[in-house]
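Trainee: I would like to learn how to read aromatic pairs and a nonpolar core in a protein model. Could we go through them together, step by step?

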Amino acid sequence: VAKKPFHRLNLFQKEQIIKEYVNEKFTDEEGLVCTLAKEIINYIQSKDITTQQIIYDIELGKISNIKNILYEEGHIILKNKK
C-alpha cells in the first residue's frame, strides 16, 4: 500500500486495510470479516467514524486501532451511538 495517510487512500485500499484489521482484531472467519469491514466502511462514509478516530500507521500500512467501536454478537457497534 502506498505510504499515504488513511484519508488519502481510495475506497478499495481502505477496505483491504480494514479487512486486515478486522481479521487480526475480531475474527478470521472469512464471511464475517467482509461483513464487519463493510459495517466499518459504512460508518466512515456516514461520518459516524472520522479519520481522527482511526489510528493508522503509515509506515506499516496498518490500522492499530479504531476508537469508539465495539464488537458485539457478530456486529460492529459504536460506543457513543447506543
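Mentor: We will take the aromatic rings, then the core, and then one residue of a helix, keeping in mind that this is a predicted model.

Trainee: How many aromatic pairs are there?

Mentor: Rings are paired when their centres lie within 6.5 Å, and planes over 60 degrees apart count as edge-to-face. By that rule there are three aromatic pairs in this structure. In one of them, the ring centres of Tyr 21 and Phe 26 are 5.9 Å apart and the planes stand at 90 degrees, so this pair is edge-to-face. Tyr 21 and Phe 26 also belong, with Tyr 71, to one aromatic cluster.

Trainee: Is Tyr 21 buried or exposed?

Mentor: Buried means under 20% relative accessible area. Tyr 21 has a value of 4% and is therefore buried, whereas Phe 26, at 24%, counts as partly exposed.

Trainee: Which residues of the largest nonpolar core touch the most other members?

Mentor: This core has 21 residues, and those that touch the most other members are Phe 6, Ile 18, Ile 40 and Ile 63. Helices H1 and H2 and strands E1, E2 and E4 each supply at least two of the core residues, with the largest share, seven residues, coming from H2. Leaving aside neighbours within four places in sequence, Ile 40 is in contact with several isoleucines, including Ile 18, Ile 49 and Ile 76, and also with Val 22.

Trainee: Where does Gln 45 lie?

Mentor: Gln 45 lies in helix H2 and is partly exposed, with a relative accessible area of 49%. Its C-alpha atom is separated by 17 Å from that of Tyr 56, which is 11 residues away along the chain.

Technical notes
Residues are numbered from 1 along each chain as its sequence is written. This is a predicted model: local features need pLDDT of at least 70, side-chain atom pairs count only at pLDDT 80 or more; totals for chains, interfaces and linings use all residues. Side-chain values use heavy atoms; hydrogens and water are left out. Rings of Phe, Tyr and Trp (its six-membered ring) pair if their centres lie within 6.5 Å; planes under 30 degrees apart count as stacked, over 60 as edge-to-face and the rest as tilted. Buried means under 20% relative accessible area, exposed over 50%, partly exposed in between (1.4 Å probe, protein chains only). A nonpolar core is a set of buried Ala, Val, Leu, Ile, Met, Phe, Trp, Tyr and Cys residues joined through side-chain atoms within 4.5 Å. Helices (H or I, at least four residues) and strands (E, at least two) are DSSP runs, numbered from the N terminus. Contact means heavy atoms within 4.5 Å.
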